[in-house]
Amino acid sequence: MADRTIQDGDGVGGDGIRTFPFPVDRSVLGVGMQVGPMGTGRTWHAEAPLHRVHRIDFHVVMLFSDGPVRHMIDFAEYEATAGDLLWIRPGQVHRFARDSEYRGTVLTMQPGFLPRATVEATGLYRYDLPPLLHPDAAQRKGLQAALAQLRREYEDTSTLPLSLHTAVLRHSLTAFLLRLAHLAASSAAQAAGRPGTTFTLFRDAVEEGFATNHSVSAYADALGYSRRTLVRAVRAATGETPKAFIDKRVVLEAKRLLAHTDMPIGRVGAAVGFPDAANFSKFFHQHTDMTPAAFRAELR
């Protein structure tokens with residue numbers, strides 16, 4: 001399997017962060033998924049610097065049997081322990097910790113392996129959902145059972161012809177992902193309040209408009225709330241002000257563009273709502289204690 005560094009037409013220059021494709025050559029019978037044990041020595045590619053910041057173009061779900069494990073996803077550090085799951089989606093920046101032992105089961109899945117209806121039902125591209133999940137005992141038992149069944153089907157290459165084997169894998173994978181999606185959605189709902197609350201409407205509006213709209217008052221007006229109501233709702237859900245929530249999303253997108261592309265810094269700023277490069281640099285430094293250029297250089 002060859003890794004790829006996306007070239008300018010794909011959004012990343014030759015000196016950008018490496019993106020590793022799904023390792024189809026390591027899949028049993030070449031199907032678009034893998035499931036097996038985690039452990040030292042396992043990697044996407046023989047030359048993949050997993051302790052370095054990189055990204056992948058496929059889904060990864062890690063169910064830990066031991067811990068703690070520290071793992072960076074989109075510039076945030078997460079600590080997982082036994083029974084926790086990490087769900088990393090395509091394109092997210094992440095890095096394995098040198099000093100953590102990864103033990104448990106890892107599932108990888110190639111985009112396009114599941115039909116569109118299943119992708120939508122399982123929220124595979126809900127980047128707003130938390131990557132670190134803490135199932136309770138009953139949820140963990142159900143996830144472990146579904147994952148164990150999926151692994152048995154994956155490793156059984158003699159019972160069925162390849163077409164039926166692949167179909168069974170898709171059904172078993174869907175069953176696991178539906179459980180996982182429910183856990184992720186309920187975890188987010190517990191953190192933010194019930195779906196449809198003021199905060200969730202604000203969160204969705206920010207996700208849609210952060211590249212051009214950084215104004216709390218503008219979001220409040222668009223949603224039909226007073227600024228005070230919006231402040232109370234966001235603070236209750238996140239402990240942050242609406243402005244801090246917006247700024248955090250803008251900074252994340254800026255980091256992604258700085259890490260994944262060779263866009264000039266001025267263009268990165270414009271892409272997240274700062275037509276003036278100096279204002280963007282000032283904003284970025286204020287929130288990260290680094291200039292955009294220094295942040296990019298640190299990752300290259």
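**Exercise 1. Describe the salt bridge of arginine 70 and the exposure of the two residues.**

Step 1. Arginine 70 pairs with glutamate 79 in a salt bridge, and their closest N and O atoms are 3.2 Å apart. A salt bridge here is a side-chain nitrogen of Lys or Arg within 4 Å of a carboxyl oxygen of Asp or Glu.

Step 2. The model is predicted: local features need pLDDT of at least 70, side-chain atom pairs count only at pLDDT 80 or more, and totals for chains, interfaces and linings use all residues. Residues are numbered from 1 along each chain as its sequence is written, and side-chain values use heavy atoms, with hydrogens and water left out.

Step 3. Arginine 70 is partly exposed at a relative accessible area of 37%, and glutamate 79 is partly exposed at 43%. The classes are buried (under 20% relative accessible area), exposed (over 50%) and partly exposed in between, with a 1.4 Å probe and protein chains only.

**Exercise 2. State which strands are linked by the salt bridge between arginine 95 and glutamate 77.**

Step 1. The closest N and O atoms of arginine 95 and glutamate 77 are 3.4 Å apart.

Step 2. Arginine 95 is in strand β8 (residues 93-96) and glutamate 77 in strand β6 (residues 76-80), 18 residues apart. Strands (E, at least two residues) and helices (H or I, at least four) are DSSP runs, numbered from the N terminus.

Step 3. Arginine 95 is partly exposed at 28% relative accessibility, as is glutamate 77 at 42%.

**Exercise 3. Characterise the surroundings of isoleucine 73.**

Step 1. Isoleucine 73 is found in strand β5 (residues 69-73) and is buried, with a relative accessible area of 2%.

Step 2. Leaving out residues up to four places away in sequence, isoleucine 73 touches Tyr78, Leu86, Ile88, Gln92, Val93, His94 and Pro131. Contact means heavy atoms within 4.5 Å.

Step 3. The C-alpha atom of isoleucine 73 is 9.7 Å from that of arginine 89, 16 residues apart along the chain.

**Exercise 4. Identify the residues that touch the most other members of the largest nonpolar core, and the helix that gives this core its largest share.**

Step 1. A nonpolar core is a set of buried Ala, Val, Leu, Ile, Met, Phe, Trp, Tyr and Cys residues joined through side-chain atoms within 4.5 Å. The largest has 32 residues, of which Phe202 and Tyr219 touch the most other members.

Step 2. Elements giving two or more residues to this core include α4 (198-209), α5 (216-223) and α7 (242-260). The largest share, eight residues, comes from α7.

Step 3. Beyond neighbours within four places in sequence, the contacts of tyrosine 219 include Phe202, Val206, Leu230 and Ile246. A second, separate core of 28 residues includes Val35, Leu114, Leu133 and Ala184.

**Exercise 5. Analyse the packing of α4 against α7.**

Step 1. The axes of α4 and α7 are 10 Å apart, at an angle of about 35°.

Step 2. The contact involves Phe199, Phe202, Arg203, Val206 and Glu207 of α4, and Pro242, Phe245, Ile246 and Arg249 of α7. These divide into six nonpolar, no polar and three charged.

Step 3. Glutamate 207 and arginine 249 meet in a salt bridge (2.9 Å, N to O). Glutamate 207 lies in α4 and arginine 249 in α7, so the pair ties together parts 42 residues apart in sequence. Glutamate 207 is partly exposed at 37%, whereas arginine 249 is buried at 13%.

Step 4. A network of salt bridges links Asp74, Glu207, Arg249, Glu253 and Arg256.

Definitions and conventions: Axes fitted to C-alpha atoms, helices over the stretch in contact; angles between N-to-C directions. Nonpolar A, V, L, I, M, F, W, Y, C, P; charged D, E, K, R; others polar.
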